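The report that follows walks through selected helices, contacts and side-chain pairs of one protein model. Please keep the sequence and the structure in view while reading.

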Amino acid sequence: MEMEHVIEQTQDENNNVVVVVKRLPPWTANITCRGVVASVVIGVIYSVIVMKLSLTTGLIPNLNVSAALLAYVFIKTWTKVVHKSGFVTTPFTKQENTIIQTCAVACYSIAFGGGFGSYLLGMNKKTYEEAGVDVEGNSPGSYKEPGIGWMTGFLFVTSFVGLLALVPLRKIMIIDYKLTYPSGTATAVLINGFHTPKGDKMAKKQVVGFTKFLSASFVWACFQWFYSGLGTCGFTSFPTFGLKAFKNSFYFDFSMTYIGAGMICSHLVNLSLLAGAVLSYGVMWPLIEDRKGAWFPSSLPESSMKSLNGYKVFISIALILGDGLYNFLKITVLTARTMYLTSRKMPKTNPEDNDQPQNDSELNEVFLRDNIPFWLAATGYIAFSIVSIVVIPLMFPQLKWYYVVVAYIIAPSLGFCNAYGAGLTDMNMAYNYGKVALFVLSAMSGKHDGVIAGLIGCGLIKSIVSVSSDLMHDFKTGHLTLTSPRSMLVSQAIGTAVGCVVAPLTFFLFYKAFDIGNPDGEYKAPYAIVYRNMAILGVQGFSALPNHCLQLCYLFFGFAMLANFARDVCPEKIGKMIPLPMAMAVPFLVGAYFAIDMCVGSLIVFIWHKLDKQKANLMVPAVASGLICGDGLWILPSSILSLARVNPPICMNFVPTKSS
């Protein structure tokens, strides 16, 4: 195969512009054995991290940039070792870096998007019992225990359909509409920056910082384990602000994962989490607890859906739905308006085109060179859909085959709307499409089948819509890094296949080693009970709510809509001070401790920017990634120790001083 020449502008170490003529290899050369190995290693590490976050808080920061950095670290280390051994290796290109990042992200995305902390876990017996065995709609036997076999099969038949849904529209989305896809663009800028003389020097500093903080985080996690004993022991139960505050979940638990996540997330997200924690565990739950005997029977345990836990769950649902509905409507209107304006401008010469970089035509030419035939995408979509239509009703008889047929007919249009909106705003609204499917299918399937049918239908729609949007993000990255779309699609498929195997295994590592779904434990899996109760709400309506909860739900639903509206219409200085309702909803269920950790991460970034903004911009992603990965790596040995029944030797606990 012939190589294509492209002209690139880059900078040398003295910031002088240098024009370089490069030859692009064929698309098959981008996918290498070392790249696949690196992708699998990074995908496994991040699957463990994402699974922990999914089962503890359900809040996942964007790790795409971190994955690109880790891919660079892996291959650079690999090539150095090989060179010192006396062997010659092929050069490490930005195209290979892009492929590794794409494959790794596709792998660990299954750990979160596969529903292990939400709709799939919402079907297990513990969540069924927590929702109330006597609750109408939560019919007897409407549960399915997790299993590696059926979970892996479910992921395989649902995850690959989305890969092909929007492939024929890639030219329209990336070239014709010029959608920005901010996350995909940011990743491309980082990768392009790595593969320059100046970028290589900067990357070395990031690698050193990443390695240092990964090592420190791993050692700290290991040290904490020795004091964690059994029960509420160790640094994770340190009463930082006193025992009374600790009882209401206000404490700093020394988690490097949450501190690192706080460094990656924006200040607004972290402060919104803290605002939600103060409002819920600082004000509302103590006040509602005082109404025991008046609003709900004092004989009920706190975990009952007719007790305090019911208020926690349903008010969180109200915030999530209010935020989701507003953003869904907003992005729908924005998408329709932008498409209308674009269609009017298409026949004319766009004056903005003159401001585009000179090599835009070369980017477009490379992007269109390795064409993916329409017949291949259409045939693949139909084939995967037929398999899914046959297999899913066999796995879950509650979901009728004709519902699955309708889902696959409407999924491409939903995927297009979501991918277009994500290209404009960087917001993936797949879970909101899934929630709509959940309510509709729960109501249509009746009280006996409604819960399971709704949860599986939610996962079906969400998977197709989310994967197709993620692929467009990757196509945008590939467009800007001169990476062939064929190699991007193949790497995404490889990553998805690996993720379908790795994610269930990772989940069972946690499921067998830790107490998943315990509302008083570390692994609360908050969204499992949320999604189950959404399905119950779809079956029986508002009768599922405890006393006075409906009025509070109306209030917080309205607050979520109003807060989002105010953020959009108010001046930027005021708008950026209004909290995000979706972020506020998480501590309503989980508690305040992780919000405090994330605010510590935010404080570190704030101070660092004040002291040295340039260095902070360079090092924050590397340091945050090191903290998250080091803590995540310790999960593997700690899980093995737990499965082997090896308990920590010391229980560090705190008790009040006895009065004399």
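The buried residues of helix 11 pack against helix 1 (33-56), helix 9 (197-225), helix 12 (267-289), helix 23 (593-611) and helix 24. The model is a predicted one, and in it eight of the nine residues of helix 11 (residues 256-264) are buried, so this helix is largely enclosed by the rest of the structure. The buried residues are Met256, Thr257, Tyr258, Ile259, Gly260, Ala261, Gly262 and Met263.

Helix 12, one of the packing partners of helix 11, holds Gly276. With a relative accessibility of 0%, Gly276 counts as buried, since buried means under 20%. Once its neighbours within four places in sequence are left aside, Gly276 is in contact with Met584, Pro587 and Phe588. Thr32, by comparison, lies 244 residues from Gly276 in sequence, and the two C-alpha atoms are 46 Å apart in space.

**Helix 20**

Helix 20 spans residues 549-569, and its 21 residues reach 30 Å from the first C-alpha to the last, close to the 30 Å expected at 1.5 Å a residue. Buried within helix 20 are Cys549, Leu552, Cys553, Phe556, Ala560, Ala563, Asn564 and Ala566. These buried residues cover an arc of only 160° around the axis, which puts them on the same side of helix 20. Gln551, Tyr554, Leu555, Leu562 and Val569 are exposed on the other side of helix 20.

**Salt bridges**

How many salt bridges does the structure hold? There are five in the structure, and the table gives three of them, with the separation between nitrogen and oxygen.

| Acidic residue | Basic residue | N to O separation |
|---|---|---|
| Asp515 | Lys126 | 2.7 Å |
| Glu289 | Lys292 | 3.0 Å |
| Asp568 | Lys330 | 3.2 Å |

The salt bridge between Asp515 and Lys126 links distant parts of the chain, with Asp515 in the loop between helix 18 (485-513) and helix 19 (526-540), Lys126 in helix 4 (residues 125-131), and their positions 389 residues apart in sequence. Asp515 is partly exposed, with a relative accessible area of 43%, and Lys126 is likewise partly exposed, at 33% relative accessibility.

In the salt bridge of Glu289 with Lys292, Glu289 has a relative accessibility of 26% and counts as partly exposed, as does Lys292 at 37%.

The side chains of Lys330 and Asp568 meet in a salt bridge, and this pair also links distant parts of the chain, because Lys330 belongs to helix 13 (residues 308-345) and Asp568 to helix 20, 238 residues apart, where both residues are partly exposed, at 33% for Lys330 and 37% for Asp568.

**A nonpolar surface patch**

Ile382, Ile386, Val390 and Leu394 form a nonpolar patch on the surface, and together they have about 410 Å² of accessible area. Within this patch, Val390 has its place in helix 15 (residues 374-395), where its relative accessible area of 48% makes it partly exposed.

**Positive phi values and the segment after helix 24**

Leu482 has a phi near 60°, a positive value in a residue other than glycine. Leu482 is found in the loop between helix 17 (430-480) and helix 18, and it is buried, with a relative accessible area of 7%. Arg645 also has a phi near 60°, again positive in a residue other than glycine, but Arg645 counts as exposed, at 66% relative accessibility.

Arg645 is found in the segment after helix 24, and Cys651 also belongs to the segment after helix 24 (613-643). Is Cys651 buried, exposed or partly exposed? At 41% relative accessibility, Cys651 counts as partly exposed. Which residues does Cys651 touch, leaving aside its neighbours within four places in sequence? Cys651 is in contact with Tyr227, Gly229, Leu230 and Cys233. The C-alpha atoms of Cys651 and Lys613 are separated by 41 Å, with the two residues 38 residues apart along the chain.

Methods. Residues are numbered from 1 along each chain as its sequence is written. This is a predicted model: local features need pLDDT of at least 70, side-chain atom pairs count only at pLDDT 80 or more; totals for chains, interfaces and linings use all residues. Side-chain values use heavy atoms; hydrogens and water are left out. Helices (H or I, at least four residues) and strands (E, at least two) are DSSP runs, numbered from the N terminus. The expected span of a helix is 1.5 Å times one less than its number of residues. Buried means under 20% relative accessible area, exposed over 50%, partly exposed in between (1.4 Å probe, protein chains only). The arc is that of the directions from the helix axis to the C-beta atoms. Contact means heavy atoms within 4.5 Å. Patches are made of residues with over 30% relative accessible area and no salt bridge: like charges are joined within 9 Å, nonpolar side chains (Val, Leu, Ile, Met, Phe, Trp, Tyr) within 5 Å. Accessible areas come from the Shrake-Rupley method with a 1.4 Å probe; for residues, only the protein chains shown count as cover. A salt bridge is a side-chain nitrogen of Lys or Arg within 4 Å of a carboxyl oxygen of Asp or Glu.
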